[in-house]
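Here is a friendly walk through one protein chain, meant to be read with the model open beside you. Let's begin with the idea of a contact and then move through the fold.

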Amino acid sequence: LAPKVLVYAPFGNGGCFGYTNDECFELAQRVVMYARTDFPDTRIYICSPFRRKNDPDDNVAKKELHAKNLEEFAKRLSELPKICPHFHLSLQSGCDATLKRMNRKYDTALFYAVVERLRAAFPGCAITTDEIAGFRGETDEDHAETMAFVEKVGFARIHVFPYSRRTGTVADRMDGQVPENVKKERAQKLIELGNKLEADYV
């Protein structure tokens with residue numbers, strides 16, 4: 001089998017911004033060279049494919065510039081011959097209210113824009129994600145929004161986790177904890193939807 005490169009580009013609270021397209025492209029080229037060795041799988045960890053909404057001195061112009069940088073980077077990455085078109089974007093929730101409670105620095109509109117740019121550069125690419133079911137304060141309506149958004153994106157695979165409280169965290173001290181049986185029920189629904197979407201993709 002030919003070596004392949006898997007590009008791992010999750011969202012998150014942190015960020016590794018400040019790298020130019022040329023620097024990222026050079027990294028991708030080096031990884032492709034590395035992938036031609038005896039190691040069959042190599043991952044490029046990008047950290048975030050989009051500028052965080054509350055970056056210092058953020059404005060519409062900078063957001064548009066960053067979007068163009070992503071589009072250019074994806075286009076140039078697609079020109080490499082040994083790229084496995086698989087992108088893992090960690091969504092966590094498809095509900096903006098829940099994302100805000102999670103202190104995520106993106107919303108569903110931003111997430112979907114990234115998905116569209118990646119698919120434009122890599123038609124038919126596999127986009128996978130992580131989902132947390134039953135985060136503190138999640139209502140039935142919030143869960144329904146997540147289900148609808150997940151279906152809209154059409155992920156190739158979903159990794160689903162019921163929210164688990166961790167002592168000492170901010171979320172653990174918040175009100176509105178979701179009962180365990182509800183978490184499991186919502187997680188199961190997401191798993192079933194994920195299985196359907198995966199079958200559709202394959």
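Two residues are in contact when they have heavy atoms within 4.5 Å of each other. Keep in mind that this is a predicted model.

With that definition in hand, turn to Thr-98, which sits in helix 3 (residues 96-101). Leaving aside residues up to four places away in sequence, Thr-98 touches Ser-93, Phe-135, Glu-138 and Asp-142. Is Thr-98 buried or exposed? Its relative accessibility is 0%, so Thr-98 counts as buried.

**The chain as a whole**

The secondary structure consists of seven helices and five strands. Followed along the sequence, these elements come in the pattern β-α-β-α-β-α-α-β-α-β-α-α. The chain has 202 residues, and 42% of them are buried. If you take the contacts between residues at least 6 apart in sequence, 81% join residues at least 24 apart.

**A link across the sequence**

Ala-74 offers an example to look at on screen. This residue belongs to helix 2 (residues 60-78), and a relative accessible area of 2% makes Ala-74 buried. Not counting residues up to four places away in sequence, Ala-74 touches Leu-118, Ala-121 and Phe-122. Ala-74 and Phe-122 are 48 residues apart in sequence, yet their C-alpha atoms are 7.9 Å apart in space.

**Two helices side by side**

Next, find helix 5 (residues 140-153) and helix 7 (residues 180-201), which pack with their axes 10 Å apart and at an angle of about 10°. Angles under 35 degrees count as roughly parallel, and therefore helix 5 is roughly parallel to helix 7. On the helix 5 side, the residues that meet helix 7 are Asp-140, His-143, Thr-146, Met-147, Val-150 and Glu-151. Their partners in helix 7 are Arg-186, Lys-189, Leu-190, Leu-193, Lys-196 and Leu-197. The residues of this contact divide into five nonpolar, two polar and five charged.

**The second largest pocket**

Which residues are the closest to the centre of the second largest pocket? They are Phe-135, Tyr-163, Ser-164, Thr-169 and Ala-171, out of 15 lining residues. The space in this pocket comes to about 300 Å³. Strand 5 (157-162) and helix 6 (170-173) each contribute at least two residues to the lining. By type, the lining of the second largest pocket has nine nonpolar, three polar and three charged residues. Phe-135 may look familiar, since Thr-98 touches Phe-135.

**Two loop residues with positive phi**

Finally, have a look at the backbone of Gln-92 and Asn-103. Gln-92 has a positive phi although it is not a glycine, and Asn-103 likewise has a positive phi without being a glycine. The table sets out where they lie and how accessible they are.

| Residue | Phi | Place | Relative accessibility |
|---|---|---|---|
| Gln-92 | about 75° | loop between strand 3 (83-88) and helix 3 | 10%, buried |
| Asn-103 | about 65° | loop between helix 3 and helix 4 (108-121) | 44%, partly exposed |

Why does Gln-92 count as buried? Buried means under 20% relative accessible area, and Gln-92 counts as buried because its relative accessibility is 10%. Asn-103, at 44% relative accessibility, counts as partly exposed.

Notes: Residues numbered from 1 in each chain as written. Predicted model: local features only at pLDDT ≥ 70, side-chain atom pairs only at ≥ 80, totals over all residues. Heavy atoms only, no water. 1 Å grid on protein atoms, 1.4 Å probe; cavity = no way out; pocket = protein on both sides within 12 Å on 5 of 7 lines; lining within 4 Å. Points joined across faces, edges and corners; volume = space filled by probe spheres on them. Helix = DSSP H or I, 4+ residues; strand = E, 2+ residues; numbered from the N terminus. Nonpolar A, V, L, I, M, F, W, Y, C, P; charged D, E, K, R; others polar. Buried < 20%, exposed > 50% of the residue type's maximum accessible area, 1.4 Å probe, protein only. Axes fitted to C-alpha atoms, helices over the stretch in contact; angles between N-to-C directions. Parallel < 35°, antiparallel > 145°, perpendicular 65-115°, else oblique.
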